[in-house]
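Please open the structure in a viewer and keep the sequence panel visible. The tour proceeds by selection, with a short account of what is found at each stop.

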Amino acid sequence: MSPFTIAFLTLVLIAMLFILVFAAVLLTPFALPLLAFGAPFIPSAGKTVERMLDAASVGPTTRLLDLGSGDGRIPVAAAKRGARADGIEVNPWLVWVSRQRARLSGVRELTAFKCGNLWTYDVSAYDVVTVYGLGPIMGKLEQKLLRELRPGTRVVSQAFHFPTWRPVREDRGVMLYVVPKPSVAA
Ligand SMILES: C[S@@+](CC[C@H](N)C(=O)[O-])C[C@H]1O[C@@H](n2cnc3c(N)ncnc32)[C@H](O)[C@@H]1O
């Protein structure tokens, strides 16, 4: 093998290694939901976001949390209505995008995006919780919300029902739930 061929192959190998590392750094955060027991990133349509906020009557007095907040579109839309709105998201790239979205929309002060696992995040301070989850997690999520949220808290789910709660309102795949009072037997 000529020195030229060896140099060329070494360069190709280095380039391939670089692309692999780059792809891993870029794409691994999108695989995190699988490890963190959650839904992959599928953003809500703009009209659906507005329908979710309408369903929960989100306004200037609301303290909202989006569980698995993706690119931040729900908290940012809520903040544009004057609400204080937070997002918890496992993917650090999406947290970064969310913060830029909030900044560009002029609502940075009304929003907070945290990078973390929704299963260990304390949701008790909020009066509206939104979620676009997956069928298999809704049972576990219902238990968490029931443990931590005050009765009367509004919970809006897109596409997936909670297994035992009944929605008080349902419109084109957007369900509004109100956290019930604990049962006397519990
Ligand atoms: C279906 S997307 C919804 C995004 C956003 N809420 C919306 O409606 O446009 C679900 C999001 O939850 C995030 N996620 C999944 N599991 C999570 C976990 N355990 N903790 C925090 N975020 C999680 C995913 O990374 C993804 O961005």
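The stops below run from the whole chain to its domains, the core, the ligand and two loop residues.

**The whole chain**

Begin by displaying the protein chain as a cartoon, bearing in mind that this is a predicted model. The chain contains five helices and seven strands. Followed along the sequence, these elements appear in the pattern α-α-β-α-β-α-β-β-α-β-β-β.

Next, display the C-alpha trace and turn it along its principal axes, where the spans are about 80 × 40 × 30 Å. The radius of gyration of the protein chain is 21 Å, whereas a compact globule of 186 residues would have one near 16 Å. Of these 186 residues, 35% count as buried. Among contacts with a sequence separation of 6 or more, 65% join residues 24 or more positions apart.

**The two domains**

Colour residues 1-35 and 46-178 separately; the domain assignment gives them as domain 1 and domain 2, respectively. The C-alpha centres of domain 1 and domain 2 are 38 Å apart. Where the two domains touch, each contributes four residues: four come from domain 1 and four from domain 2. On the side of domain 1 that touches domain 2, the four residues are nonpolar, with no polar and no charged residues.

**The nonpolar core**

Now select M52, A56, L64, A78, A79, V129 and V156. These residues have the most contacts inside the largest nonpolar core, which has 38 residues. Two or more core residues come from each of α2 (46-55), β1 (63-67), α3, β2, β4 (128-131), α5, β5 and β7 (174-178). The element that gives the most to this core is α3, with five residues.

Centre the view on L64 to examine one part of this core in detail. Beyond the residues up to four places away in sequence, L64 touches V58, P75, A78, A83, A85, Y126, V128 and T130.

**The ligand**

Which residues are closest to the ligand? Select P33, A36, G38, G68 and G70, which are the closest of the 24 residues that surround the ligand. Then highlight α3 (73-80) and β2 (84-89), each of which supplies at least two residues of the surrounding shell. Coloured by class, the shell shows 14 nonpolar, seven polar and three charged residues.

**Two loop residues**

Move to T153, in the loop between α5 (138-148) and β5 (154-158). Is T153 buried or exposed? T153 counts as buried because 20 other C-beta atoms lie within 10 Å, and 20 or more is the requirement for that class. With residues up to four places away in sequence left out, the residues that T153 touches are Y126, D127, V129 and V179. A C-alpha to C-alpha distance drawn from T153 to A125 reads 10.0 Å, for two residues that are 28 apart in sequence.

Finally, select S124, in the loop between β3 (111-115) and β4. S124 is exposed because 10 other C-beta atoms lie within 10 Å, and a residue with 12 or fewer is placed in that class. Its contacts, apart from neighbours within four places in sequence, are with E148 and L149. S124 and L149 are 25 residues apart in sequence, yet their C-alpha atoms are 4.8 Å apart in space.

Definitions and conventions
Residues numbered from 1 in each chain as written. Predicted model: local features only at pLDDT ≥ 70, side-chain atom pairs only at ≥ 80, totals over all residues. Helix = DSSP H or I, 4+ residues; strand = E, 2+ residues; numbered from the N terminus. Rg over C-alpha atoms; globule rule 2.2 N^0.38 Å. Contact = placed C-beta atoms within 7 Å. Near = placed C-beta within 6 Å. Nonpolar A, V, L, I, M, F, W, Y, C, P; charged D, E, K, R; others polar. Domains from an automatic or database assignment. Core = buried A, V, L, I, M, F, W, Y, C linked by C-beta atoms within 7 Å.
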